[in-house]
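Colleague: I should like to learn how to read the interior and the ligand site of a model such as this one. Could we begin with the strands?

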Amino acid sequence: MTDSTAPRGKFISFEGIDGAGKSTHIAFVAARLAATLEAHGKRVVSSREPGGTTLGEKLRELLLHEKMHLETEALLMFASRREHIAQVIAPGLERGDWVISDRFTDASFAYQGGGRGLDRAKMEALEQWVHPHLQPDLTLLFDVPLDVARARLDATRTLDKFEQEKTDFFAACRNEYLRRAAQFPERIVVIDSSKSIAEIQDTLVGILDKLLQVID
Ligand SMILES: Nc1ncnc2c1ncn2[C@@H]1O[C@H](COP(=O)(O)OP(=O)(O)O)[C@@H](O)[C@H]1O
Ligand SMILES: Cc1cn([C@H]2C[C@H](O)[C@@H](COP(=O)(O)OP(=O)(O)O)O2)c(=O)[nH]c1=O
């Protein structure tokens, strides 16, 4: 994917159980990155999964609202991802832009693997098929106790298919996220999302400024 004339951009994913506060911080991160990158003629591309493309958004609608077999759910998540990589992530990185995605493959491991119990070997096979050479340069994992996430969700919105799941489901998702953070410590940074929004923003500034040094 890297070409010898243009440095590849960076790929940052955001993860966490529903209600952890991930969406709250995406706009802040995008603005912080854009302020530096635009001076270097690069853009921040902000996207999400499932979704991020016209087809992916149609799949998202199905995934968030229709009941389906667990393996169908996993396959559609990866179908959405395949399209997202082809249309948004790979071309963005090749242009030298920085791509930030609200969720990527760690979410499939956490939700379809941890939460729903799909065999990890099947998830790994899908990952190998769909993106054998692509991984985020950085994954920000927003981690909170389950009761905090639940209280935040209940206070704010109508719940979709995943958000209506029980505590055990989210406990298993969270455990899988934390297991992956321990497995890939060089890529996944765990953010204590039970802190205040201002404190989390301070932490994010420290992480992003270090990452931005490569282009200064
Ligand atoms: N650190 C925080 N402290 C208090 N409330 C928060 C914090 N982070 C997010 N929230 C609130 O919790 C709710 C869910 O946050 P959101 O970012 O939508 O979660 P997610 O995208 O992880 O599902 C929102 O109302 C948001 O304002
Ligand atoms: C990307 C992905 C998301 N999901 C789930 C997690 C979320 O509950 C849901 C949508 O994610 P998200 O966009 O974070 O939800 P919201 O906009 O409500 O904050 O999809 C999976 O189960 N597997 C996946 O691979």
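Modeller: This is a predicted model. Strand E2 (residues 44-48) is largely enclosed by the rest of the structure, because 4 of its 5 residues are buried.

Colleague: Which strand is joined to E2, and how do the two run?

Modeller: Strand E3 (residues 98-102) is joined to E2 by 5 bridges, and the two run parallel. Within this pairing, Arg-48 stands opposite Asp-102 of E3.

Colleague: How should one read the nonpolar core?

Modeller: The general idea is that, in soluble globular proteins, nonpolar side chains tend to be buried together. Here the largest nonpolar core has 40 residues, and Trp-98 and Val-99 have the most contacts inside it. Helix H3 (residues 70-95) provides the largest share of this core, 7 residues.

Colleague: Which residues does Trp-98 touch, leaving aside those up to four places away in sequence?

Modeller: Trp-98 touches Gly-9, Lys-10, Ile-12, Leu-33, Leu-37, Lys-42 and Val-44. One of these, Val-44, leads back to strand E2 (residues 44-48).

Colleague: Let us turn to the ligand. Which residues come nearest to ligand 1?

Modeller: Of the 15 residues around ligand 1, those that come nearest are Gly-21, Lys-22, Ser-23, Thr-24 and Arg-152.

Colleague: Which helices each supply at least two residues of that shell?

Modeller: They are H1 (22-37), H6 (146-156) and H8 (197-212). The largest share, 3 residues, comes from H1.

Colleague: How many residues of the shell around ligand 1 are nonpolar, polar and charged?

Modeller: The shell around ligand 1 comprises 4 nonpolar, 8 polar and 3 charged residues.

Methods: Residues are numbered from 1 along each chain as its sequence is written. Chains are lettered from A and ligands numbered from 1 in the order in which they are written. This is a predicted model: local features need pLDDT of at least 70, side-chain atom pairs count only at pLDDT 80 or more; totals for chains, interfaces and linings use all residues. A nonpolar core is a set of buried Ala, Val, Leu, Ile, Met, Phe, Trp, Tyr and Cys residues joined through C-beta atoms within 7 Å. A residue is buried if 20 or more other C-beta atoms lie within 10 Å of its own, exposed if 12 or fewer, and partly exposed in between; C-beta atoms are placed from the backbone. Two residues are in contact if their C-beta atoms, placed from the backbone, lie within 7 Å. Two strands pair if DSSP finds at least two bridges between them. A residue is near a molecule or strand if its C-beta atom, placed from the backbone, lies within 6 Å of it. Ala, Val, Leu, Ile, Met, Phe, Trp, Tyr, Cys and Pro count as nonpolar, Asp, Glu, Lys and Arg as charged, and the others, Gly among them, as polar.
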